[in-house]
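Subject: A structure to look through

Dear colleague,

I am passing on a structure for you to study at your own pace. Please open it first, and then read the notes below with the picture beside you.

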Amino acid sequence: EEWKGWMQFAFIMYHYYRAWSAYNWIRVFVSSYVWMTGFGNFLYFDKKKDFSIERMVSMIIRINYFPILLSICTGVSLDLYYVVPLHTVGFFVTLVTCWVSIKLETMAGLSYWKSRIAAVMLCLLAHVLFYETKAVDVLLFFSKEIHFRFQADKYSAWIGIVCGMLMGKASEYMAWAYGSVDRPLVQWAQRFLGVGLILTWYKGFGYLDDKYAYNPVHPYVFIIPLLGWLMVRNSSKYLTECHSTFLEFLGRNTLETYVLQFHLFMNHSVQHIPIIIPGSGADGSNLLRLLNMMLCGSVFVAIAVQARKITVSTQTTVVEVVELMLKKVRGQPLVEMAEEDPDEEMKPMVIDTSVPEPKTIS
């Protein structure tokens, strides 16, 4: 959540201050979001094996409900919220991949690793056959913007799935490198390697001023700085055990701040910003412009937090309704009755009268 928080902050400031020179970095941030979709959902499905309708409905509502409602009410095209369909497709790609891997393990008798690798390779083959052929032009049916955005992140979710599959091995390495035995050489090697990966990406691709020159290579190289960042961020036990609560807060409201930035913090397709404090326009003083930005930002974040609460409440309600409908279709009881204990009436009531010892707060 902290990672999502500071990337979201950079993403919003990129739009607000029109910092087009940071375009390549922002592209990496967006791809990191989609990477998390594959990574996080793989870990969930691989552990829980929950491919239920309730799970699918829950994620569809969580990701799509508010953006679609906002698009309908404001008349804005969903193209503006392109991250939403990227996350949605990434979720279902991960779901299908994990479902296939489980079936290969349970029905075909393959081992854990063979079944996972086979499913991941089948997923890669499907990606190549779609994105590297004329088949990708089907996306033009929706819009040119969707066509471009999906190609920019065509392998992001898949790479996230691969990283999720290897997470167990990474955890074993972390336990070895940062466990009870101190290994400073290993830790410093990890830091230098992480910084080296970020610099390698920047020297090779990140420095490019022409986004049309960078865009074609981005889907294949964004993982370089991403892995570099993960190595640096987790390069000491202290760093792995602490985080910024403020950035975590922003990260938990990423979807709502992403969508609402186009309407409250900026407007007219990110071409204008709201002016509340007189004299804080383009010709105003830097202080007034900063105060105006902070005032608008406070209102913007407050509304985003409320929007998230409403979305989660709607998500929970819809999932409960779907569960009841499925129970009715399956002929299951709508309300589960608790089993009565025949000896319950014979049990004496016990009241704890002991006084707890005072706690010492250091």
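Of the 362 residues of the chain, 40% count as buried. Please keep in mind throughout that this is a predicted model; the mean pLDDT of the chain is 89, and 92% of its residues reach 70 or more. Over residues 344-362, however, the pLDDT is below 50, and this stretch has one contact in the model beyond near neighbours in sequence, so please read that part with care.

As for the overall build, the chain has 16 helices and zero strands, and its C-alpha atoms fill a box of roughly 80 × 55 × 55 Å when taken along the principal axes. Among the contacts in the chain with a separation of 6 or more, 72% are between residues 24 or more positions apart.

The core

In soluble globular proteins, nonpolar side chains tend to be buried together. In this model the largest nonpolar core has 63 residues, and the members that touch the most others are W35, I159, Y258 and F265. Helix α2, which covers residues 23-48, gives the most to this core, with eleven residues. If you would like one residue to follow by eye, you might take Y258, which is in contact with Q8, F11, L80, Y81, Y82 and V83 once its neighbours within four places in sequence are left aside.

Another core member, I159, leads us to helix α7 (residues 156-165), where ten of the ten residues are buried. The buried residues of α7 are S156, A157, W158, I159, G160, I161, V162, C163, G164 and M165, and they pack against α2, α4 (83-106), α5 (112-131), α8 (167-177), α11 (218-221) and α12 (223-233).

Two helix pairs

How do α15 and α16 pack against each other? Helix α15 (residues 254-265) and helix α16 (residues 286-330) meet at an angle of about 135°, and their axes are 9 Å apart. Because angles over 145 degrees would count as roughly antiparallel and those from 65 to 115 as roughly perpendicular, α15 and α16 are oblique to each other. On the α15 side the contact is made by E256, T257, L260, Q261, L264 and F265, while α16 contributes M293, C296, G297, F300, I303, A304, A307, R308 and T311. The crossing of these two helices, α15 and α16, is right-handed.

The second pair is α4 with helix α6 (residues 144-152), whose axes come within 10 Å and cross at roughly 50°, which makes α4 oblique to α6. Here, too, α4 passes α6 in a right-handed crossing, and the residues that meet are P85, L86 and V89 in α4 and I146, R149 and F150 in α6.

Single residues to look at

Within α6 you will find E145, which counts as partly exposed because its relative accessible area is 28%. E145 touches D79 and Y82, not counting residues up to four places away in sequence. Although E145 and Y82 are 63 residues apart along the chain, their C-alpha atoms are separated by 8.0 Å.

L104, which is placed in helix α4, gives you another pair to examine, since the C-alpha atoms of L104 and C73 are separated by 45 Å, with their positions 31 residues apart along the chain. With a relative accessible area of 22%, L104 is partly exposed, and, leaving out residues up to four places away in sequence, L104 touches G109, L110, S115, A118 and A119.

Finally, please look at the backbone in two loops. R18 sits in the loop between α1 (2-16) and α2, and it has a positive phi of about 50° although it is not a glycine. Is R18 buried or partly exposed? At 36% relative accessibility, R18 counts as partly exposed. K49, in the loop between α2 and α3 (53-74), has a positive phi of about 55° and is not a glycine either. Its relative accessibility is 43%, and therefore K49 counts as partly exposed.

With kind regards

How values were computed
Residues are numbered from 1 along each chain as its sequence is written. Side-chain values use heavy atoms; hydrogens and water are left out. pLDDT is the predictor's confidence in each residue, from 0 to 100. Contact means heavy atoms within 4.5 Å. A nonpolar core is a set of buried Ala, Val, Leu, Ile, Met, Phe, Trp, Tyr and Cys residues joined through side-chain atoms within 4.5 Å. Buried means under 20% relative accessible area, exposed over 50%, partly exposed in between (1.4 Å probe, protein chains only). Helices (H or I, at least four residues) and strands (E, at least two) are DSSP runs, numbered from the N terminus. Axes are lines fitted to C-alpha atoms, for helices over the stretch in contact, and angles run from 0 to 180 degrees between N-to-C directions. Angles under 35 degrees count as roughly parallel, over 145 as roughly antiparallel, 65 to 115 as roughly perpendicular and the rest as oblique. A crossing is left-handed if the near helix is turned anticlockwise from the far one by less than a right angle, and right-handed if clockwise.
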